[in-house]
Amino acid sequence: MDEGQRVAIVTGGSSGIGLAVGGRLVERGYDVVLTARTAATLEAAAAGIGARWVAADSTEPDAFAAVVAEAGRVDLLVHAAGVMDGTFVRKESLTTFEAVLRTNLTSAFVVSAGCLPVMSPGGRLVFLSSSSAHAPQPGRSAYSASKAGLNAFAAAMAKEVERDGIAVHVVTTGPVATP
């Protein structure tokens, strides 16, 4: 890593939006650390774009701490990890509902809390949300709630960290066909 090179962590980096963002950041000169849960897929993805990688679950603070340790410092976090799961409330299990919230919302806290201590003024946190946060989908109550919660979390945190020169952004995508 070049000392002057900006460092980015991208969650959900083994495929889909996370991998595409990681590739663009590498093209723009960032030292990118991709992270996702599945090591073999992640290793191949990172090799394909010229990034570093650490397999970790972004809902687990100790696991994500290993990602931050590999990065050393963080200039940019792109939190693209997420899951669209669940069904109608009448059919939903509490286990699935909680798993969706954990993956899509709790993880935002975990990665933020992990990155902020090593982020300097000028740092950026970018969260991938969904149009479902604004136009909730029937049959996707857990997903819609998790993305609306993510938006509120990011808005509140932005007000907390702006005094430190750190910016928080939410990118709301429309439907995207990803694995």
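## A polar contact in a loop

A polar contact is a pair of N or O atoms within 3.5 Å; within protein, one of them must be able to donate a hydrogen and the other to accept it. This predicted model gives an example at threonine 59. The side chains of threonine 59 and aspartate 57 are joined by a polar contact of 2.7 Å.

Where does threonine 59 sit? Its place is in the loop between strand 3 and helix 3. Is threonine 59 buried or exposed? Threonine 59 counts as buried, because its relative accessibility is 7% and buried means under 20%. Leaving out residues up to four places away in sequence, threonine 59 touches Arg102, Thr103, Ser107 and Val110.

## Glutamate 60 and arginine 102

Arg102, one of the residues that threonine 59 touches, also takes part in a salt bridge. Its partner is glutamate 60, and the N to O distance is 3.0 Å. Glutamate 60 lies in the loop between strand 3 and helix 3 (61-71), while arginine 102 lies in helix 4 (residues 94-115), so the pair ties together parts that are 42 residues apart in sequence.

How open are these two side chains to the surroundings? Glutamate 60 is partly exposed, at a relative accessible area of 35%. Arginine 102 is partly exposed too, at 34%.

## More salt bridges

How many salt bridges does a search of the whole structure find? The search finds five. One of them joins arginine 52 to aspartate 31, with the closest N and O atoms 2.6 Å apart. Arginine 52 is in strand 3 (residues 52-55) and aspartate 31 is in strand 2 (residues 31-36), so this bridge ties together parts that are 21 residues apart in sequence.

Arginine 52 is partly exposed, with a relative accessible area of 24%. Aspartate 31 counts as buried, at 9% relative accessibility. Both belong to a network: salt bridges link Asp31, Arg52 and Glu70.

A further salt bridge joins aspartate 75 and arginine 73, whose closest N and O atoms are 3.1 Å apart. Arginine 73 is partly exposed, with a relative accessible area of 23%.

## Two nonpolar cores

Now turn to the nonpolar side chains. How many residues does the largest nonpolar core have? It has 24. Those with the most contacts inside this core are Ile9, Phe64, Leu77, Cys115, Leu125 and Phe127. Several elements each supply at least two residues of the core: strand 1 (7-11), helix 3, helix 4, strand 5 (124-130) and helix 5 (141-161).

Take cysteine 115 as a sample. Apart from its neighbours within four places in sequence, cysteine 115 is in contact with Ile9, Phe64, Val68, Val74 and Leu77. Another core lies apart from the largest one. This other core has 16 residues, among them Val10, Val32, Val78 and Leu128.

## One aromatic pair

The structure holds one aromatic pair. Phenylalanine 127 and phenylalanine 153 form this pair, and their arrangement is edge-to-face. Their centres are 6.2 Å apart, and there are 80° between the planes. Why edge-to-face? The angle of 80° earns that label because planes over 60 degrees apart count as edge-to-face.

Phenylalanine 127 lies in strand 5 and phenylalanine 153 in helix 5, so the pair ties together parts that are 26 residues apart in sequence. Phenylalanine 127 is buried, at 0% relative accessibility. Phenylalanine 153 is partly exposed, at 22%.

## Helix 5

Helix 5 has 21 residues. From its first C-alpha to its last it reaches 30 Å, close to the 30 Å expected at 1.5 Å a residue.

Which residues of helix 5 are buried? They are Ala142, Tyr143, Ser144, Ser146, Lys147, Leu150, Asn151, Ala154, Met157 and Val161. An α-helix has 3.6 residues a turn, so residues three or four places apart point the same way. What covers the buried residues of helix 5 includes helix 4, strand 5 and strand 6 (167-173).

## A buried threonine in strand 1

Threonine 11 is found in strand 1. At 1% relative accessibility, threonine 11 is buried. A polar atom of its side chain lies 2.9 Å from the backbone nitrogen of alanine 80.

What else is in contact with threonine 11? Neighbours within four places in sequence aside, its contacts are Gly18, Thr35, Phe64, Leu77, Val78, His79, Ala80, Ala81 and Val111. Phe64 and Leu77 also appear among the residues with the most contacts inside the largest nonpolar core.

Terms used. Residues are numbered from 1 along each chain as its sequence is written. This is a predicted model: local features need pLDDT of at least 70, side-chain atom pairs count only at pLDDT 80 or more; totals for chains, interfaces and linings use all residues. Side-chain values use heavy atoms; hydrogens and water are left out. A salt bridge is a side-chain nitrogen of Lys or Arg within 4 Å of a carboxyl oxygen of Asp or Glu. Helices (H or I, at least four residues) and strands (E, at least two) are DSSP runs, numbered from the N terminus. Buried means under 20% relative accessible area, exposed over 50%, partly exposed in between (1.4 Å probe, protein chains only). A nonpolar core is a set of buried Ala, Val, Leu, Ile, Met, Phe, Trp, Tyr and Cys residues joined through side-chain atoms within 4.5 Å. Contact means heavy atoms within 4.5 Å. Rings of Phe, Tyr and Trp (its six-membered ring) pair if their centres lie within 6.5 Å; planes under 30 degrees apart count as stacked, over 60 as edge-to-face and the rest as tilted. The expected span of a helix is 1.5 Å times one less than its number of residues.
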